[in-house]
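Welcome! Please take a moment to look over the sequence and the 3D view below, and then we will walk through them together.

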Amino acid sequence: MTCKEAQNLVMDYINRNLGEKKLESFLKHIRECKECYEELEIYYMIHFAIQRLDSDEHASYDIKHMLEEDLKEAEKSIRRWKIRRSYRYGMIVIAEALLCLIILTQIQGLNAGSMEETSFYRLFFQEETDR
Ligand SMILES: [Zn+2]
């Protein structure tokens, strides 16, 4: 991602409008590019200054700290997305393997004329009697 691209995404980041892919490359750039980090910091400060005027609060915020927490939170959510996706992928692989096993077992059962003749059935129900 170029600086121009990153800086175009600053408002989207603050408004939480970035999808996973864009957010990931945005964060990566922000972490590596001091210039863009400062740009983000400025927008972040302005954003919260405006919000504070709106809400009429007088508490003082540590904006730099808040931004750092915000970035860490975003990075964490990307990690969570990735874990969830690989978990989902694993489930799909398992489901497909089971489906294949079921289909193969049924084909074998049809060919043999009985479910008791399938290797799946033997594996689970006739293991002891085979010995
Ligand atoms: Zn940059």
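Which protein atoms are the donors of the zinc ion? They are Cys3 (SG), His29 (NE2), Cys33 (SG) and Cys36 (SG), and they lie 2.0 to 2.3 Å from the metal. Keep in mind as you explore that this is a predicted model. The protein chain has 7 helices and 0 strands, and buried residues make up 23% of its 131 residues.

**The zinc site**
- The site of the zinc ion is tetrahedral, with angles of 96 to 114° among its 4 donor atoms.
- For comparison, the ideal angle for four tetrahedral donors at a metal is 109.5 degrees.
- If you follow the chain, the donors show the spacing C-x25-H-x3-C-x2-C.
- Cys3 belongs to helix α1 (residues 3-8), while Cys33 sits in the loop between α3 (20-32) and α4, so this pair ties together parts that are 30 residues apart in sequence.
- Are these two cysteines buried or exposed? Cys3 counts as partly exposed, at 30% relative accessibility.
- Cys33, on the other hand, has a relative accessible area of 15%, which makes Cys33 buried because the cut-off for that word is under 20%.

**The overall fold**
- Reading along the sequence, you meet the pattern α-α-α-α-α-α-α.
- Now find α3 and helix α5 (residues 63-112): their axes come within 10 Å and cross at roughly 135°.
- At that angle α3 and α5 are oblique to each other, because angles only count as roughly antiparallel when they are over 145 degrees.
- The crossing of α3 and α5 is left-handed.

**Helix α4 and an aromatic pair**
- The structure holds 2 aromatic pairs. In one of them, the rings of Tyr44 and Phe48 have their centres 4.7 Å apart and their planes at 50°, so the pair is tilted.
- Where do these two residues sit relative to each other along the helix? Tyr44 and Phe48 are 4 residues apart in helix α4 (residues 34-55), which means that about one helical turn separates them.
- Both Tyr44 and Phe48 are buried.
- Helix α4 also contains Glu35. Glu35 is exposed, with a relative accessible area of 55%.
- Try locating Gln7 as well: Glu35 and Gln7 are 28 residues apart along the chain, and their C-alpha atoms are separated by 9.6 Å.

**A backbone detail at Arg16**
- What is the phi angle of Arg16 near? It is near 60°, a positive value in a residue other than glycine.
- You can find Arg16 in the loop between α2 (10-14) and α3.
- Arg16 has a relative accessible area of 56%, so Arg16 is exposed, as the cut-off for that word is over 50%.

Terms used:
Residues numbered from 1 in each chain as written. Predicted model: local features only at pLDDT ≥ 70, side-chain atom pairs only at ≥ 80, totals over all residues. Heavy atoms only, no water. Phe/Tyr/Trp six-rings, centres within 6.5 Å; stacked < 30°, edge-to-face > 60°. Buried < 20%, exposed > 50% of the residue type's maximum accessible area, 1.4 Å probe, protein only. Donors = N, O, S within 2.8 Å, 3.2 Å for Na, K, Ca; no water. Tetrahedral: all angles 85-135°; square planar, octahedral: opposite > 155°, others 65-115°. Axes fitted to C-alpha atoms, helices over the stretch in contact; angles between N-to-C directions. Parallel < 35°, antiparallel > 145°, perpendicular 65-115°, else oblique. Left-handed = near helix turned anticlockwise from the far one by under 90°.
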